[in-house]
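These are my notebook entries from a session with one model, kept in the order in which I looked things up.

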Amino acid sequence: LFAIENKALFHSCRQLNINQKSIDTRNKMGKYEILALENPLLDIQAVGDQALLDKYGLKPNDAILAEEKHMGIYEDLINRKADFNAGGAAQNTARGAQYILPEDSVVFVGCVGKDKYADLLVEANKKVGLHTVYRVDEEQPTGRCGVVITGHDRSMCTDLAAANCYKVEHLKENWDLVKQAKLYFVGGYHLTVSVPAIMALAEEAAKENKIFMLSLSAPFIPQFFKDQLDQTAPYWDYVVGNETEARSYAASHDLNTEDIPTIARHLAQLPKANSQRKRTVIITQGTDPTVVAVQDEDKVHEFPVHAIDKSEIADTTGAGDAFAGGFVAGVAKGESLKTCVDMGQWLAHLSIKELGPAYPFPKQTY
Ligand code: 26A
């Protein structure tokens with residue numbers, strides 16, 4: 001009898017593995033108000049030096065897509081005693097929003113490989129209660145982001161691998177999630193992967209008067225993915241970025257200005273698909289004030305950042321993602337603009353005290 005049972009077990013496990021096209025950690029009773037989409041990545045982060053940057057032709061402060069010539073960097077970072085952290089900008093944001101919100105509020109979708117790295121991401125998400133609905137690619141490994149720290153700078157080099165295999169069909173397979181959510185958060189980095197998936201969410205938001213929020217992610221997005229970004233612009237209810245991303249947008253769109261309030265106001269006034277919601281543009285500037293422009297409002301708001309003692313700063317990787325996480329949580333709770341910005345700054349502050357894009361435990365409450 002044992003032998004038969006074992007054999008049956010063996011076959012069912014094997015079956016499971018063969019059919020494991022997705023990982024779904026959802027609690028069936030959950031409400032999942034927020035759906036976030038982007039690239040699930042494992043961050044391989046270590047302190048580097050100019051020689052390492054030069055070896056791969058990297059700028060000290062940047063985010064790029066890895067080419068063939070960059071592939072050795074992950075090994076080099078591991079040899080420098082790298083930390084392995086759950087990353088992926090919007091996944092960091094989703095973890096941040098879930099950190100603040102009640103259980104089962106946020107679900108994150110993207111594509112990973114069938115490997116230990118994927119397990120590590122699922123675990124990091126579980127720790128804050130973020131649920132994961134991953135597509136599992138059969139061939140590609142989970143994506144990696146090499147993070148080279150030199151002083152206050154960080155250079156990020158991403159090999160998307162499985163993350164690049166996410167398709168609109170995968171989103172359609174989970175359309176129940178889309179229907180259930182009231183707010184969609186899309187990382188702009190995903191514009192390099194699946195514009196159709198992003199557009200499906202954008203159009204659904206406009207049709208159902210739900211909230212569509214996009215991050216600008218990195219200067220290379222407005223620069224090299226300008227058309228893709230512009231396609232999503234009419235759907236932005238909220239768009240969030242930092243000063244360098246905003247200036248990159250201004251340059252690629254010939255705005256002839258580097259002034260952040262002017263750029264923010266320009267973005268707020270771009271044509272909009274859903275006229276039932278005014279667009280809000282949020283531009284962070286490190287320790288300088290956060291700039292917010294609202295469609296049809298003359299006044300551009302500036303919210304000073306609470307001072308952070310230098311001794312409290314452990315690692316700023318993911319600070320912007322954390323800001324977006326706190327902000328999104330505020331929007332989901334229906335808080336005022338001022339409170340949403342404050343929640344963003346609060347969460348960014350907490351994340352800066354941690355190594356990698358992580359949040360402190362025991363959980364702090366806003
Ligand atoms: C497509 N690219 C380049 C990327 C990324 C990315 N997340 C998604 N797609 N490049 C860097 N990151 C993430 O940014 C975080 C810091 O803001 C890193 O994984 C890191 O956790």
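The entries below go from confidence to the ligand site, then to single residues and the backbone.

**Confidence**

I began by noting that this is a predicted model, and I looked up its scores before anything else. The mean pLDDT of the chain is 94, with 95% of its residues at 70 or more, and the model scores ipTM 0.98 and pTM 0.94. I then asked where pLDDT stays under 50. That stretch is residues 6-18, for which I find two contacts beyond four places in sequence. Where pLDDT is low, the predicted coordinates should not be read in detail, and I leave the placement of residues 6-18 alone, given that their pLDDT stays under 50.

**Ligand site**

I next listed the residues around the ligand, of which there are 18, and noted that Asn-39, Asp-43, Gly-88, Asn-92 and Asp-321 come nearest. By class, I count nine nonpolar, six polar and three charged residues in this shell. Which elements each supply at least two residues of the shell? They are strand 3 (41-47), strand 4 (62-65), helix 4 (89-100) and strand 9 (153-159).

For the polar atoms I wrote down three distances. An N or O atom in the side chain of Asp-321 is 2.7 Å from an oxygen atom of the ligand, a polar side-chain atom of Thr-158 lies 3.0 Å from a ligand nitrogen, and at Ala-89 a backbone N or O atom lies 3.1 Å from a nitrogen atom of the ligand. The ligand on its own has 470 Å² of accessible area, and the protein covers 96% of that.

**Helix 4 and strand 6**

From the shell I turned to Gln-91, which lies in helix 4. Is Gln-91 buried or exposed? I record Gln-91 as buried, because its relative accessible area is 0%. Beyond four places in sequence, Gln-91 touches Glu-38, Pro-40, Leu-41, Phe-108, Leu-121, Asn-125, Leu-130 and Tyr-134.

Val-106 belongs to strand 6 (residues 106-113) and counts as buried because its relative accessibility is 1%. Its contacts, with residues up to four places away in sequence set aside, include Ala-94, Ala-97, Gln-98 and Leu-101, and also Tyr-32, Ile-34 and Leu-130. I checked the pair with Ile-34 further: the two residues are 72 apart along the chain, yet their C-alpha atoms are separated by 4.7 Å.

**Strand 14 and helix 14**

Thr-290 is in strand 14 (residues 288-294), and I call Thr-290 buried because its relative accessible area is 1%. Which side chain does that of Thr-290 join in a polar contact of 3.0 Å? The partner is Gln-345. Among the other contacts of Thr-290 beyond four places in sequence are Ile-282, His-301, Phe-303, Phe-323 and Val-341.

I followed the last of these, Val-341, into helix 14 (residues 337-352). Val-341 is likewise recorded as buried, since its relative accessibility is 1%, and, apart from neighbours within four places, Val-341 is in contact with Thr-290, Val-292, Phe-303, Phe-323 and Phe-327. I also looked up how its C-alpha atom stands to that of Asp-321, 20 residues away along the chain, and found a separation of 13 Å.

**Helix 11**

In helix 11 (residues 243-252) I find Glu-245, Ala-246, Ser-248, Tyr-249, Ala-250 and Ser-252 buried. The buried residues of this helix pack against helix 9 (220-224), helix 10 (226-232), strand 12 (238-242), helix 12 (260-268) and strand 13 (280-285). After helix 11 comes Asp-254, with a positive phi near 50 degrees.

**Backbone notes**

I looked up two further positive phi values. Tyr-32, a residue other than glycine, has phi near 45 degrees and sits in the loop between strand 1 (22-24) and strand 2 (34-37); Tyr-32 counts as buried because its relative accessibility is 1%. For Asp-104, also not a glycine, phi is near 55 degrees, and its place is in the loop between helix 4 and strand 6. At 11% relative accessibility I still enter Asp-104 as buried, because the cut-off for that word is under 20%.

The last entry concerns a peptide bond: Phe-361 and Pro-362 are joined in cis, with omega about 0 degrees, and Pro-362 falls in the segment after helix 14.

Definitions and conventions: Residues are numbered from 1 along each chain as its sequence is written. This is a predicted model: local features need pLDDT of at least 70, side-chain atom pairs count only at pLDDT 80 or more; totals for chains, interfaces and linings use all residues. Side-chain values use heavy atoms; hydrogens and water are left out. pLDDT is the predictor's confidence in each residue, from 0 to 100. Contact means heavy atoms within 4.5 Å. A residue is near a molecule or strand if one of its heavy atoms lies within 4 Å of it. A polar contact is a pair of N or O atoms within 3.5 Å; within protein, one must be able to donate a hydrogen and the other to accept it, and residues adjacent in sequence count only if both atoms are side-chain atoms. Accessible areas come from the Shrake-Rupley method with a 1.4 Å probe; for residues, only the protein chains shown count as cover. Helices (H or I, at least four residues) and strands (E, at least two) are DSSP runs, numbered from the N terminus. Ala, Val, Leu, Ile, Met, Phe, Trp, Tyr, Cys and Pro count as nonpolar, Asp, Glu, Lys and Arg as charged, and the others, Gly among them, as polar. Buried means under 20% relative accessible area, exposed over 50%, partly exposed in between (1.4 Å probe, protein chains only).
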